[in-house]
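Colleague: Could you take one helix of this model and describe closely how it sits among its neighbours? Please go on from there to the parts that a second helix packs against.

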Amino acid sequence: MNDYITVALPKGKLFGLSTELFKKVGWTAEGLHEKSRKLIITNEDAKLKFIITKTADVPTYVEYGAADLGIIGKDVIAESGKDIFELLDLGFGKCHLMMAVPKDKKRTKLEDYSHTRVATKFPHIAEKFFSERGMQMEYIKLNGSIELGPIVNLSESIVDIVETGTTLRENNLEEIVSIMDATARLIANRVSYKLKFDRINKLVADLEKILRE
């Protein structure tokens with residue numbers, strides 16, 4: 001099985017964009033779509049295997065070598081802390097991680113929120129950001145609608161991903177500080193990158209050419 005390349009693809013908004021990009025360089029497989037009931041979809045002729053998995057699990061599959069490559073957002077990479085090799089910024093899936101609070105409860109300075117509760121899917125990124133500013137916070141990990149936190153008094157603020165800001169506005173929340181920008185990245189298992197260098201390096205070169213067009 002060592003001659004196969006296995007790619008972990010995330011369910012959700014990045015899936016279609018990822019498969020369309022791969023298709024342009026000839027990396028595809030019959031039946032490769034997000035709603036497939038198959039866990040692994042294989043192209044025997046091209047020696048390719050695709051794993052469709054939850055977004056947060058992509059770095060784990062890649063770090064442990066269950067997948068040689070993966071596509072995932074920079075925000076997920078930063079939050080996971082996994083030991084992977086980041087190969088290429090793919091440019092799509094643009095968003096940014098920010099802190100937001102209810103409009104009617106804004107405070108004068110960022111530091112004024114110290115010792116309050118923040119609801120987030122990204123506690124590690126949030127803790128690093130606030131700790132670097134000397135702020136102690138209580139982190140409440142949520143997996144669903146983060147915006148609900150301040151509305152039901154679970155937290156004073158949120159740290160979450162924003163694309164258009166529509167959901168914030170609809171819930172009377174306002175961004176007060178940007179934490180990091182994020183786009184989709186091509187990542188690799190460090191050992192796979194060395195053992196399968198020729199194929200992976202050609203993929204990177206082909207993708208770079210497509211992205212420049």
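**Helix α1 and beyond**

Modeller: The buried residues of α1 pack against four strands and a helix: β1 (5-10), β3 (48-53), β4 (69-73), β11 (184-188) and α8 (197-212). Contact here means heavy atoms within 4.5 Å, and buried means under 20% relative accessible area, with exposed over 50% and partly exposed in between (1.4 Å probe, protein chains only). Helices (H or I, at least four residues) and strands (E, at least two) are DSSP runs, numbered from the N terminus. The model is predicted, so local features need pLDDT of at least 70 and side-chain atom pairs count only at pLDDT 80 or more, while totals for chains, interfaces and linings use all residues. Residues are numbered from 1 along each chain as its sequence is written, and side-chain values use heavy atoms, with hydrogens and water left out.

Helix α1 spans residues 13-24, and its buried residues are L14, F15, S18, T19, L21 and F22. Viewed down the helix axis, these residues fall within an arc of 160 degrees, so they line one face of α1; the arc is that of the directions from the axis to the C-beta atoms. After α1 comes G26, with a positive phi near 85 degrees.

Positive phi also occurs at K47, which is not a glycine, with a value of about 60 degrees. K47 lies in the loop between β2 (40-43) and β3 and is partly exposed, at a relative accessible area of 31%.

The second helix is α4 (residues 123-131), whose buried residues are P123, I125, A126, F129 and F130. They cover an arc of only 160 degrees around the axis, which puts them on the same side of α4. H124 and K128 are exposed on the face turned away from that buried side. The buried residues of α4 pack against α3 (74-80), β6, β7, β8, β9 and β10.

Those strands form an open sheet of five, in the order β8-β7-β9-β6-β10, with mixed pairing; two strands pair if DSSP finds at least two bridges between them. β8 (138-141) and β10 (173-182) are the edge strands, each with a single partner, so one side of each is left without a neighbour in the sheet. From one strand to the next the twist averages 25 degrees, using axes fitted to C-alpha atoms and angles from 0 to 180 degrees between N-to-C directions. β7 (residues 117-120) and β9 (residues 157-162) run parallel and are joined by three bridges; V118 has S157 of β9 as its bridge partner.
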